Amino acid sequence: MLIEAPRHAEMFGSIRIYDVQKVLKLESKEFESLLLHSIDREQIEGILDKLAVIIPIKNEKINLLDGVLRAIPDNCLIIVVSNSSRMKRDVFKMEEDTITRFHNLTKHPAYLIHQKDPGLALAFKEVEYTYVLDENGFVRHGKAEGMIIGILLAKYLGKKFVGFIDADNYIPGAVNEYVKDFAAGFCMSESPYSMIRLHWKHKPKIVRSRLYFRKWGRVSEITNKYLNILLANHTGFETDTIKTGNAGEHAMTMELANIMKYSTGYSIEPHQLIYLLEEFGKRDTKYTDAANAGIEIFQIETLNPHLHEEKGEKHIKDMLLDSLSTIYHSELCNDYLKSKILEELRVNNVLEQNHVPKKNLIIPPVNDVDIKKFMKVLEEYSETFVKFE
Ligand code: GDD
């Protein structure tokens with residue numbers, strides 16, 4: 001792969017956020033240049049062997065899941081965490097059938113589990129990690145909760161990297177690129193605590209019967225603006241470096257995934273940045289190894305456009321509210337920024353006058369989970385866990 005070298009990095013405490021790096025060519029030989037990184041196929045393959053791709057899914061079109069599965073490079077383990085309906089129309093069963101057919105045809109290893117599996121809830125209780133459970137004792141609804149389940153399975157299997165790919169992607173070729181972009185990011189990183197966040201080259205929309213290649217998603221543009229203001233308030237330098245505030249497609253080293261706090265709802269991706277800025281922007285973090293090694297955040301602009309399922313205006317508004325709420329409630333957010341966020345939410349009709357956004361629920365890191373015990377209980381009591389090996 002041929003990818004731009006970052007021209008600039010924003011530094012805050014022990015965090016380094018690199019400027020967006022464009023993918024210039026998907027395949028490339030070794031190449032000497034100060035302005036470009038060339039990453040050969042073997043290097044990428046070396047990372048893919050150690051990467052688990054986690055696919056959170058809830059009631060998506062089954063053809064889209066099928067396309068996403070087929071696009072994952074051969075050597076990556078696939079972990080599908082579903083929260084799909086099991087009522088009248090058993091969507092979960094359709095997903096299981098799809099993965100079974102895919103596995104029989106390709107022998108690609110994959111794990112599948114349903115988020116509401118009682119055995120899963122029991123495993124969380126047994127290891128005393130109950131932050132993901134609802135008032136009925138089941139795992140809560142939510143993509144973040146699904147991601148955490150995937151991380152724990154990958155951790156048990158000794159995977160070094162975890163990448164997240166949404167199941168509602170229309171372009172399998174793009175998915176294949178995303179996973180390789182994750183690997184390219186890890187090839188460039190020098191710290192064991194690194195994160196790769198993808199920025200779409202374009203998000204195509206149909207406008208007056210024509211395809212229009214939009215550069216920015218509506219929510220991401222606003223989230224990025226306020227994340228950058230928050231950062232500038234603390235460094236004293238205005239910046240536009242953050243361009244991946246809402247990056248659904250992202251990846252982390254297991255070291256970083258282990259110490260990450262997760263926010264529920266649509267705030268999970270912006271909150272990852274907020275958490276890292278809060279925890280590693282200060283001097284007295286309890287994660288001294290991570291602070292000494294440094295936290296690296298890469299933002300990679302894909303070559304492929306991103307075409308996913310459109311979920312309507314309410315979905316966009318919820319995403320905006322959750323994203324800005326996570327910035328609003330950050331300990332790094334000052335009164336001026338809070339007032340600007342409230343203004344933005346009101347202009348966009350997502351918050352009533354005199355209201356403040358609700359604080360998102362924050363889930364603590366998974367590093368203390370006794371993973372062997374978790375898996376032992378899960379394997380014994382799960383009703384939906386399937387290993388396609
Ligand atoms: N396991 C699980 N549990 N998966 C879920 C759940 C859940 O409760 N809810 C949604 N998902 C899955 C969806 O099926 C999809 O694969 C993925 O999570 C993201 O879907 P949505 O939450 O519907 O979000 P989106 O597709 O509109 O937005 C995506 O991109 C945004 C940035 O553009 C998400 O990745 C967002 O998190 C991201 O901010």
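**Figure 1. The loop around N59 in the predicted model**. N59 sits in the loop that runs between strand 5 (51–57) and helix 2 (62–71). In this predicted model, phi of N59 is near 55°, a positive value in a residue that is not glycine. N59 counts as partly exposed, because its relative accessibility is 39%, and the partly exposed class lies between 20% and 50%.

**Figure 2. A second asparagine with positive phi, N354**. N354 is not a glycine, yet its phi is positive, about 65°. The residue belongs to the loop between helix 12 (335–347) and strand 15 (362–363). N354 counts as exposed, since its relative accessibility is 73% and the exposed class begins over 50%.

**Figure 3. The salt bridge between E27 and R41**. The side chains of E27 and R41 meet in a salt bridge, with 2.6 Å from N to O. The two residues are 14 residues apart, and the pair links distant parts of the chain. E27 is in the loop between strand 3 and strand 4 (36–38), whereas R41 is in helix 1. E27 is partly exposed, with a relative accessible area of 41%. R41 counts as exposed at 54% relative accessibility.

**Figure 4. The negative surface patch that includes E42**. E42, E45, D49 and D74 form a negative patch on the surface. Of these residues, E42 lies in helix 1, which covers residues 41–48. E42 counts as exposed, because its relative accessibility is 61%. Helix 1 also holds R41 of the preceding view.

**Figure 5. The salt bridge between D19 and K243**. The D19 and K243 side chains meet in a salt bridge with an N to O distance of 3.6 Å. D19 lies in strand 3 (residues 15–25), and K243 lies in the loop between helix 7 (218–235) and strand 12 (250–253), so the pair ties together parts that are 224 residues apart in sequence. D19 counts as buried, because its relative accessibility is 18% and the buried class is under 20%.

**Figure 6. The salt bridge between E4 and R7**. E4 forms a salt bridge with R7, and the closest N and O atoms of the pair are 3.9 Å apart. The partners fall into opposite classes: E4 is buried, with a relative accessible area of 17%, while R7 is exposed, with a relative accessible area of 68%.

**Figure 7. A salt-bridge network of K143, D166 and E269**. Salt bridges link K143, D166 and E269 in a network. A search of the whole structure finds 13 salt bridges.

**Figure 8. The nonpolar surface patch around L211**. I206, L211 and F213 form a nonpolar patch on the surface, and together they have about 330 Å² of accessible area. L211 is part of strand 11, which covers residues 210–214. L211 counts as exposed, because its relative accessibility is 53%.

**Figure 9. Two buried positions, G294 and S323**. G294 is found in the loop between helix 10 (288–293) and strand 14 (295–301). This glycine is buried, with a relative accessible area of 13%. The C-alpha atoms of G294 and A52 are separated by 23 Å, and the two residues are 242 residues apart along the chain. S323 is found in helix 11 (residues 313–328), and S323 counts as buried because its relative accessibility is 0%. S323 and L303 are 20 residues apart along the chain, with 26 Å between their C-alpha atoms.

**Figure 10. The whole chain, for orientation**. The secondary structure of the chain comes to 13 helices and 16 strands. The radius of gyration is 20 Å, close to the 21 Å that the globule rule gives for 389 residues, so the chain is as compact as a globular protein of that length. Along the principal axes, the C-alpha atoms fill a box of roughly 55 × 55 × 55 Å. Buried residues make up 57% of the 389 residues in the chain.

Terms used: Residues numbered from 1 in each chain as written. Predicted model: local features only at pLDDT ≥ 70, side-chain atom pairs only at ≥ 80, totals over all residues. Heavy atoms only, no water. Patch = residues over 30% accessible without salt bridge, like charges linked within 9 Å, V, L, I, M, F, W, Y side chains within 5 Å. Areas by Shrake-Rupley, 256 points an atom, 1.4 Å probe, with all protein chains shown as cover. Salt bridge = Lys/Arg side-chain N within 4 Å of Asp/Glu carboxyl O. Lys, Arg positive; Asp, Glu negative; His and termini not counted. Charge placed at Lys NZ, Arg CZ, Asp CG, Glu CD. Helix = DSSP H or I, 4+ residues; strand = E, 2+ residues; numbered from the N terminus. Buried < 20%, exposed > 50% of the residue type's maximum accessible area, 1.4 Å probe, protein only. Rg over C-alpha atoms; globule rule 2.2 N^0.38 Å.
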